[in-house]
Amino acid sequence: MKKFFYLFIAILFITRANAQVGIGTTTPNSKAVLDVSSTTRGFLPPRMDSTQRNAIATPPAGLVIYNTSIKSFQCYNGTAWYSTVHYVGESYGGGIVYFIYDNGQHGLIAATADQSTGIDWSDYNKLRGATGDGLNAGIMNTAMIISQELLDYNQTGDFATKVCADYSVSVGGITYGDWYLPSKYELNLLCLQKDVVGGFANAGYWSSTEYNSINVWYHMFDINFQNLSSKYGFLRVRAVRAF
């Protein structure tokens with residue numbers, strides 16, 4: 001009898017009421033099948049890396065795990081695994097995520113291939129005011145360059161920022177068209193993740209950051225080195241976008 005009493009006390013925290021189960025509460029919420037309550041402990045789902053996750057045969061839609069490879073919760077939607085936060089190397093937004101901040105809520109995406117294997121930055125030695133550097137600075141640089149270049153340049157011709165702005169890609173019925181030429185800083189971040197993104201040549205890539213009316217910053221991806229080039233240089237282009 002005493003054993004039964006102790007067992008009864010031990011399971012008081014797990015109560016069934018109207019098909020609800022409460023852990024840590026005797027009054028589980030009527031809208032929940034399972035109501036877990038605690039002010040000192042958390043809930044731990046299954047924890048595994050991406051290889052172990054991929055070994056799950058025919059996962060059902062709604063299956064949730066914590067992926068230790070990307071340090072994020074993931075849920076299977078019936079077709080693919082998706083995360084509660086974004087991570088470097090994720091296929092997302094028309095390209096590959098190569099930088100994140102705000103705990104994975106925002107970041108930068110690179111196109112999956114070069115938009116040009118060789119093109120000039122400008123046909124004129126004029127200062128475009130595109131000296132911005134840092135995170136998301138390439139957005140403003142690209143807009144400033146294009147608005148002024150089209151006044152001077154052959155309207156049917158291409159140049160580095162224009163091939164980025166003209167680029168678009170559709171994935172899952174969504175078209176992504178807000179691409180731009182990365183700033184010097186954003187381009188350096190991209191080079192650091194070149195193996196994750198893939199498809200880069202051992203060559204120089206344009207940034208959108210001007211140095212003066214003649215020279216622009218570019219990045220050598222084979223040796224991870226930034227230098228200056230004349231705007232008439234013939235370098236490669238990889239578009240990026242922010243989210």
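Hi everyone, this is a short walk through a few strands and two pockets in this structure. Please keep in mind that the model is predicted.

Let's begin with strand 6, residues 72–76. Is that strand mostly covered or mostly open? It is mostly covered, with four of its five residues buried.

Now for the neighbours. On one side of our tour is strand 5, residues 64–67, which runs antiparallel to strand 6 and is joined to it by four bridges. One pairing to look for is Val64 with Cys75 in strand 6. These two strands make a hairpin with four residues between them, and Lys71 in that turn has a positive phi of about 55°.

Strand 6 also pairs with strand 7, again antiparallel, through three bridges. Here you can find Tyr76 opposite Trp81 of strand 7. This hairpin has four residues between its strands, and Gly78 takes a positive phi near 100°.

Strand 7 leads us nicely to the pockets. Which strand gives the most to the lining of the largest pocket? That is strand 7, with three residues. Strand 8 (91–92) and strand 13 (174–176) each supply at least two. The pocket holds about 340 Å³ of space. Of its 18 lining residues, the closest to the centre are Tyr82, Glu90, Ser91, Tyr92 and Gly93. By class, the lining has nine nonpolar, eight polar and one charged residues.

Finally, the second largest pocket has a volume of about 200 Å³. Its lining includes Ile23, Leu34, Arg41 and Phe43, and by class has four nonpolar, five polar and one charged residues.

Thanks for listening!

Methods:
Residues numbered from 1 in each chain as written. Predicted model: local features only at pLDDT ≥ 70, side-chain atom pairs only at ≥ 80, totals over all residues. Heavy atoms only, no water. 1 Å grid on protein atoms, 1.4 Å probe; cavity = no way out; pocket = protein on both sides within 12 Å on 5 of 7 lines; lining within 4 Å. Points joined across faces, edges and corners; volume = space filled by probe spheres on them. Nonpolar A, V, L, I, M, F, W, Y, C, P; charged D, E, K, R; others polar. Buried < 20%, exposed > 50% of the residue type's maximum accessible area, 1.4 Å probe, protein only. Pairing = 2+ DSSP bridges.
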